[in-house]
Amino acid sequence: MYDLSVPFQRDMPSYYFYKNYFQPPMFSVFSQPAGTLLGEGTAEAYVTHVAFLTHTGTHVDAPAHWRVGGHFLHEVPADHWLGEGPVLSVKKGEMADILVADLAPYEAEVQPGDFVVINTGWHHLWTGPAADREGAIRYMERAPGLCRESAQWLVDRGVATVLVDTPALDSCAHMGYGDGSLESHTTLFAHNIPGIESVGGELDEVTGRRCLITCAPVRYVNGDAFPVRVLAIPL
């Protein structure tokens with residue numbers, strides 16, 4: 001079993017962190033050195049409180065995030081959280097679009113109902129702002145990704161879920177740092193296909209293989225997004 005998730009920790013890149021719009025996760029630890037009201041033996045209790053933007057780390061975007069009438073997280077059918085599919089190698093550089101021509105060689109491998117994982121190589125640049133401020137900005141704002149045509153190619157093949165190793169489904173050329181069109185978000189979410197962003201971890205070790213994949217978030221009612229832990233077992 002392979003873990004395709006980035007670590008969830010204090011030092012994580014998040015949208016516009018350098019402008020203090022959205023901070024990385026904030027952790028508070030509640031310790032009870034004298035014990036708690038639960039009685040004897042509870043002095044070692046360890047409880048945390050975490051506040052974070054839902055679009056942080058390896059996370060799922062629900063269709064309702066960018067589509068009026070789209071599924072919220074609690075409405076997404078369970079077969080979008082557990083399934084099988086190919087892990088594709090599509091190497092791309094800064095701000096580049098993943099094109100239909102990049103996906104076409106894999107047409108025989110992509111089946112209706114598949115979970116399609118795309119490895120652009122961008123996950124190697126994941127870093128937190130405390131470790132590398134400029135690197136974190138680059139990771140968030142210069143990434144490659146899908147465009148309208150490549151997203152439609154996936155829709156036409158009836159995929160269930162799309163996973164990418166970039167901070168957004170769209171190339172940054174189509175995010176707020178570019179033309180702001182969010183082309184692939186719009187295209188996929190029109191068909192209630194959820195997207196998993198910022199995949200990483202042991203992704204390279206399963207690239208080129210077909211895997212059983214699980215990527216379920218908590219059952220967040222009216223949720224737009226939430227961190228997930230993506231696990232893959234090669235078939």
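This is a chat about the pockets, the sheet and a few single residues of a predicted model.

Reader: Hi! Let's start with open space. What volume does the largest pocket have?

Author: Hello! The largest pocket holds about 300 Å³ of space. It is lined by 14 residues, and those closest to its centre are Tyr15, His65, Trp66, Met175 and Leu182.

Reader: Nice. How does that lining split by class?

Author: The lining of the largest pocket has 8 nonpolar, 4 polar and 2 charged residues.

Reader: And the second largest pocket, which residues line that one?

Author: Ser5, Val6, Pro7, Phe8, Gly57, Thr58, Pro227, Val228 and Arg229 do. The volume of the second largest pocket is about 160 Å³, and by class its lining has 5 nonpolar, 3 polar and 1 charged residues.

Reader: How many cavities of 30 Å³ or more turn up?

Author: The search of the whole structure gives 1. About 40 Å³ of space lies in that cavity. Its lining is made up of Pro13, Tyr15, His55, Thr56, Gly57, His59, Tyr139, Met140, Pro167 and Ser198. By class, that is 5 nonpolar, 5 polar and no charged residues.

Reader: Let me follow up on Pro167. Where is that residue, and is it buried or exposed?

Author: Pro167 is in the loop between β9 and α4. It counts as buried because its relative accessibility is 2%, and the cut-off for buried is under 20%.

Reader: What does Pro167 touch, leaving aside neighbours within four places in sequence?

Author: Its contacts are Tyr15, His59, Trp122, Tyr139, Met140, Ala143, Glu197 and Ser198. Among them, Tyr15, His59, Tyr139, Met140 and Ser198 also appear in the lining of the largest cavity.

Reader: Leu182 came up with the largest pocket. Where along the chain does Leu182 sit?

Author: Leu182 is placed in the loop between β9 and α4, and Pro167 lies in the loop between β9 and α4 too. The two are 15 residues apart along the chain, with 13 Å between their C-alpha atoms.

Reader: What is the phi of Leu182?

Author: Phi of Leu182 is positive, about 45°, although the residue is not a glycine. Most residues other than glycine have a negative phi. Leu182 also counts as buried, because its relative accessibility is 8%.

Reader: Where else is there a positive phi?

Author: Asn222 has one, near 60°, and is not a glycine either. Asn222 belongs to the loop between β11 and β12. With a relative accessible area of 46%, Asn222 is partly exposed. Gly158, just after α3, takes a positive phi of about 70°.

Reader: Since you mention α3, which of its residues are buried?

Author: Ser150, Ala151, Trp153, Leu154 and Val155 are. The elements covering them include β6, α1, β7, β8, β9 and α4.

Reader: Switching to the sheet: what is the strand order?

Author: The order is β1-β13-β11-β5-β7-β9-β10-β4-β12, in an open sheet of 9 strands with mixed pairing. β1 and β12 stand at the edges with a single partner strand each, so one side of each has no neighbour in the sheet.

Reader: How do β7 and β9 pair up, parallel or antiparallel?

Author: They run parallel, joined by 4 bridges. Ile118 stands opposite Val164 in β9.

Reader: And what are the pairings of β11?

Author: β11 pairs with β5 in the antiparallel sense over 5 bridges, with Glu84 as the bridge partner of Leu212. β11 is also joined to β13 by 4 bridges, again antiparallel, and Cys211 stands opposite Pro234 there.

Reader: Which β11 side chains are buried?

Author: Cys211 and Ile213, which point to one face, are buried. Arg210, Leu212 and Thr214 point to the other face and are not.

Reader: One more, Thr120. What polar contact does its side chain make?

Author: The side chain of Thr120 makes a polar contact with the side chain of Asp165, at 2.7 Å. Thr120 lies in the loop between β7 and α2 and counts as buried because its relative accessibility is 3%. Its contacts beyond four places in sequence are Val90, Lys91, Lys92, Ile98, Pro144, Asp165 and Thr166.

Definitions and conventions: Residues numbered from 1 in each chain as written. Predicted model: local features only at pLDDT ≥ 70, side-chain atom pairs only at ≥ 80, totals over all residues. Heavy atoms only, no water. 1 Å grid on protein atoms, 1.4 Å probe; cavity = no way out; pocket = protein on both sides within 12 Å on 5 of 7 lines; lining within 4 Å. Points joined across faces, edges and corners; volume = space filled by probe spheres on them. Nonpolar A, V, L, I, M, F, W, Y, C, P; charged D, E, K, R; others polar. Helix = DSSP H or I, 4+ residues; strand = E, 2+ residues; numbered from the N terminus. Buried < 20%, exposed > 50% of the residue type's maximum accessible area, 1.4 Å probe, protein only. Polar contact = N/O pair within 3.5 Å; in protein donor to acceptor, adjacent residues only side chain to side chain. Contact = heavy atoms within 4.5 Å. Pairing = 2+ DSSP bridges.
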